[in-house]
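Me: I would like a close look at one part of this model, with each term explained when it comes up. Please take it slowly and keep the pieces connected.

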Amino acid sequence: MSLDDTLTSIEAQLQDMQAALLASNPQTFEDTAVQLRGAAMALAQALAPVAGALEPAATQRVQAIGRQLALVRDQLARVMALTERQAASLLPPVEGVTYGPSSGAAGARIYRAPG
């Protein structure tokens with residue numbers, strides 16, 4: 001696959017990923033993430049032999065892909081934070097942590113001295 005085809009592929013995968021994030025469909029998101037990872041690996045392999053000798057147009061496309069990937073990463077972080085908040089509002093807080101301090105006990109019974 002040529003560098004131009006690889007760049008086109010990853011650009012399409014990034015657009016699909018943004019659409020999957022907006023759609024909030026976990027299965028679509030997972031499938032798209034796998035495809036984007038594959039396209040990113042293909043891009044890394046395509047750029048390895050020509051690292052310093054890219055045409056200006058290709059360099060601009062790679063930089064644009066980097067910016068778009070950063071935006072997708074930020075969107076993903078926002079979606080994950082929102083999901084965590086939603087889960088916290090639906091699930092009760094955890095009481096009685098095994099290794100942490102608990103509200104009324106002085107420690108686990110097996111670690112207290114008898115008497």
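In which helix is Ala39 found, and what lies around this residue?

Reply: Ala39 is found in helix H2, where helices (H or I, at least four residues) and strands (E, at least two) are DSSP runs, numbered from the N terminus. Before going further, please keep in mind that this is a predicted model, in which local features need pLDDT of at least 70 and side-chain atom pairs count only at pLDDT 80 or more, while totals for chains, interfaces and linings use all residues. Residues are numbered from 1 along each chain as its sequence is written, and side-chain values use heavy atoms, with hydrogens and water left out.

To place Ala39 in the whole, note that the protein has three helices and zero strands, and that its elements run α-α-α from the N terminus on. H2 covers residues 26–47, whereas helix H1 covers residues 3–23 and helix H3 covers 56–90.

Ala39 counts as buried because its relative accessibility is 7%; here buried means under 20% relative accessible area, exposed means over 50%, and partly exposed lies in between, with a 1.4 Å probe and protein chains only. Of the 115 residues of the protein, 16% count as buried. If residues up to four places away in sequence are left out, Ala39 touches Thr6, Ser9, Ile10 and Gln13, a contact being heavy atoms within 4.5 Å.

One of these partners, Gln13, lies in H1 and also counts as buried, because its relative accessibility is 13%. Seen from its own side, and again without residues up to four places away in sequence, Gln13 touches Thr32, Gln35 and Leu36 as well as Ala39. Across the whole protein, residues 24 or more positions apart account for 71% of the contacts with a separation of 6 or more.

From Ala39 we can also look towards Glu11, which is 28 residues away along the chain, with 9.0 Å between the two C-alpha atoms. Glu11 counts as partly exposed, since its relative accessibility is 23%, and it takes part in a salt bridge with Arg61 in which the closest N and O atoms are 2.9 Å apart. That pair links distant parts of the chain, as Arg61 is in helix H3 and Glu11 in helix H1, 50 residues apart. A salt bridge here is a side-chain nitrogen of Lys or Arg within 4 Å of a carboxyl oxygen of Asp or Glu.

The structure holds two salt bridges, and Arg61 also meets Asp4 in a salt bridge between their side chains, at 2.3 Å from N to O. This second pair likewise links distant parts of the chain, with Arg61 in helix H3 and Asp4 in helix H1, 57 residues apart. Arg61 counts as partly exposed because its relative accessibility is 22%, and Asp4 also counts as partly exposed, at 43%. Taken together, Asp4, Glu11 and Arg61 are linked in a network of salt bridges.

To return to the starting point, Ala39 in H2 is a buried residue that touches Gln13, a residue of H1, and H1 is also the helix that holds Glu11, one partner of Arg61 in H3.
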